[in-house]
Amino acid sequence: MIDKVVATVEEAVADIRDGASLAVGGFGLCGIPVGLIDALFRQGTKDLETISNNCGVDDWGLGVLLSAGRIRRTVSSYVGENKEFARQFLAGELEVVLTPQGTLAEKLRAGGAGIPAFYTSAGVGTQVAQGGLPQKYDAGGNVEKASSPKEVRTFHGAEYVLEESLTPDFGLVHALKGDRHGNLVFHETAMNFNPLCAMAGKVTIAEVEELVEPGELDPEHIHTPGIFVQRVVHVPSDSPLGEKRIEKRTIAAGAGPTSAGSTRGEAS
């Protein structure tokens, strides 16, 4: 078997060039590949298309690349926590393809499974299916680009819309554990989108908190088999690149000095 471990995050992302498309795992700020994103930022890669549940927050995760103007287009399902995202979209600086969350997940899973398209009931009767959903504005606030209508068919008396799968150039994921062959184990909420992004990417790069030797992972507990992963890089949780944050911290009154709304803290 091939040893897929690379020494540094810089080496892991070195061939991600300007204009590449990336599926980026995680849910909110949980389970996002911070080390790989940071390496891309320092590398200066730009004109990126990102596919992710969200686009980070203003100063963390994909939000770092966004704030630097490195993201040209994003396919996302939830973008409500990033003010810079809203500013760029409304100012005509960013193309946004809003996608129902379950549909986004299935577009990635289907891409990884070699399925080119599928039918779903999500979005039927809305602009998701009918077209006209704004995707890019011009500098004057006018819609420059809108979504196109999608094929709708009836099965057993119900309507379904055709959605195409996603197969981006790269998948960037974060795992709790991984071995040298690329087998991965995710932790709790980090299971959201990380396995799907790992499947969908033509080249998948995994940062892992704990690197183990082949045979140490229980085969029955492996979430993503190594056949989907091309590179593994060790990013320990106690390293500078292993910092974890949460989007919002809410505590009971009188529980401590930290105010509600803090974005610092530990995440799964």
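**Helix H2, the nonpolar cores and the open spaces of the model**

Gly-44, just after helix H2, takes a positive phi of about 90°. The structure is a predicted model, and the values below were computed from it. Helix H2 itself spans residues 34-43, and its buried residues are Val-34, Gly-35, Leu-36, Ile-37, Ala-39 and Leu-40. The spacing within such a list can be read against the geometry of a helix. An α-helix has 3.6 residues a turn, so residues three or four places apart point the same way. The cover over the buried residues of H2 comes from several parts of the chain, including helices H1 (9-12) and H3 (62-67). Strands S2 (21-24), S11 (170-179), S13 (203-212) and S14 (231-234) also belong to this cover.

The nonpolar cores were examined next. In soluble globular proteins, nonpolar side chains tend to be buried together. The largest nonpolar core of the model has 28 residues. Within this core, the residues with the most contacts are Val-13, Ile-16, Leu-22, Leu-36, Leu-172 and Ile-205. At least two residues of the core are supplied by each of H1, S2, H2, H3, H4 and S11. Helix H2 gives the most, with 4 residues. A second core, separate from this one, has 21 residues, among them Ile-51, Val-173, Ala-198 and Ala-206. Leaving aside residues up to four places away in sequence, Val-13 touches Leu-36, Ala-39, Leu-40, Gln-43 and Ile-205. Of these contacts, Leu-36, Ala-39 and Leu-40 are among the buried residues of H2.

Two residues other than glycine were examined for a positive phi. Most residues other than glycine have a negative phi, and most peptide bonds are trans. In Asp-47, phi is near 55°. This residue is found in the loop between H2 and strand S3 (48-51), and Asp-47 is partly exposed, with a relative accessible area of 37%. In Phe-193, phi is near 75°. Phe-193 is found in the loop between strand S12 (184-185) and helix H7 (194-200). Phe-193 has a relative accessibility of 5% and therefore counts as buried, the cut-off for buried being under 20%.

The search for aromatic pairs gave a count of 3. A pair of aromatic rings is described by the distance of the centres and the angle of the planes. For Phe-89 and Tyr-137, the centres are 5.2 Å apart and the planes lie at 65°, an edge-to-face arrangement. Phe-89 lies in helix H4 (residues 83-90) and Tyr-137 in strand S7 (residues 134-137), so this pair ties together parts that are 48 residues apart in sequence. Both partners are buried: Phe-89 has a relative accessible area of 13%, and Tyr-137 has one of 16%. Elsewhere, ring pairs link Tyr-119, Phe-155 and Tyr-160 into a cluster.

Enclosed and open spaces were also searched. The whole structure holds 2 cavities of 30 Å³ or more. The second largest cavity contains about 40 Å³ of space. Its lining includes Val-24, Gly-25, Gly-28, Ile-32 and Ile-37, and Ile-37 is also one of the buried residues of H2. Further along the chain, Ser-52, Asn-54, Cys-55, Gly-56, Gly-61 and Leu-62 line this cavity too. The lining divides into 5 nonpolar and 6 polar residues, with no charged residue.

The largest pocket has a volume of about 530 Å³. It is lined by 27 residues, and those closest to its centre are Arg-73, Val-97, Lys-107, Lys-150 and Glu-163. Strands S3, S4 (71-76), S5 (95-98), S8 (143-146) and S10 (158-164), together with helix H6 (127-130), each supply at least two residues of the lining. By type, the lining of this pocket comprises 12 nonpolar, 7 polar and 8 charged residues.

Positions toward the start of the chain were considered last. Met-1 is found in the segment before strand S1 (5-6) and, at 83% relative accessibility, counts as exposed. The C-alpha atoms of Met-1 and Gly-61 are separated by 33 Å, and the two residues are 60 residues apart along the chain. Val-5 lies in strand S1 and counts as partly exposed at 25% relative accessibility. Leaving aside residues up to four places away in sequence, Val-5 touches Arg-180, Leu-211 and Val-232. Between the C-alpha atoms of Val-5 and Pro-149, which are 144 residues apart along the chain, the separation is 44 Å.

Terms used
Residues are numbered from 1 along each chain as its sequence is written. This is a predicted model: local features need pLDDT of at least 70, side-chain atom pairs count only at pLDDT 80 or more; totals for chains, interfaces and linings use all residues. Side-chain values use heavy atoms; hydrogens and water are left out. Buried means under 20% relative accessible area, exposed over 50%, partly exposed in between (1.4 Å probe, protein chains only). Contact means heavy atoms within 4.5 Å. On a 1 Å grid over the protein atoms alone, a cavity is a set of points where a 1.4 Å probe fits but cannot get out, and a pocket is an open set with protein on both sides within 12 Å along at least five of seven lines; lining residues have an atom within 4 Å of a point. Grid points are joined across faces, edges and corners, and a volume is the space filled by probe spheres set on the points. Ala, Val, Leu, Ile, Met, Phe, Trp, Tyr, Cys and Pro count as nonpolar, Asp, Glu, Lys and Arg as charged, and the others, Gly among them, as polar. Rings of Phe, Tyr and Trp (its six-membered ring) pair if their centres lie within 6.5 Å; planes under 30 degrees apart count as stacked, over 60 as edge-to-face and the rest as tilted. A nonpolar core is a set of buried Ala, Val, Leu, Ile, Met, Phe, Trp, Tyr and Cys residues joined through side-chain atoms within 4.5 Å.
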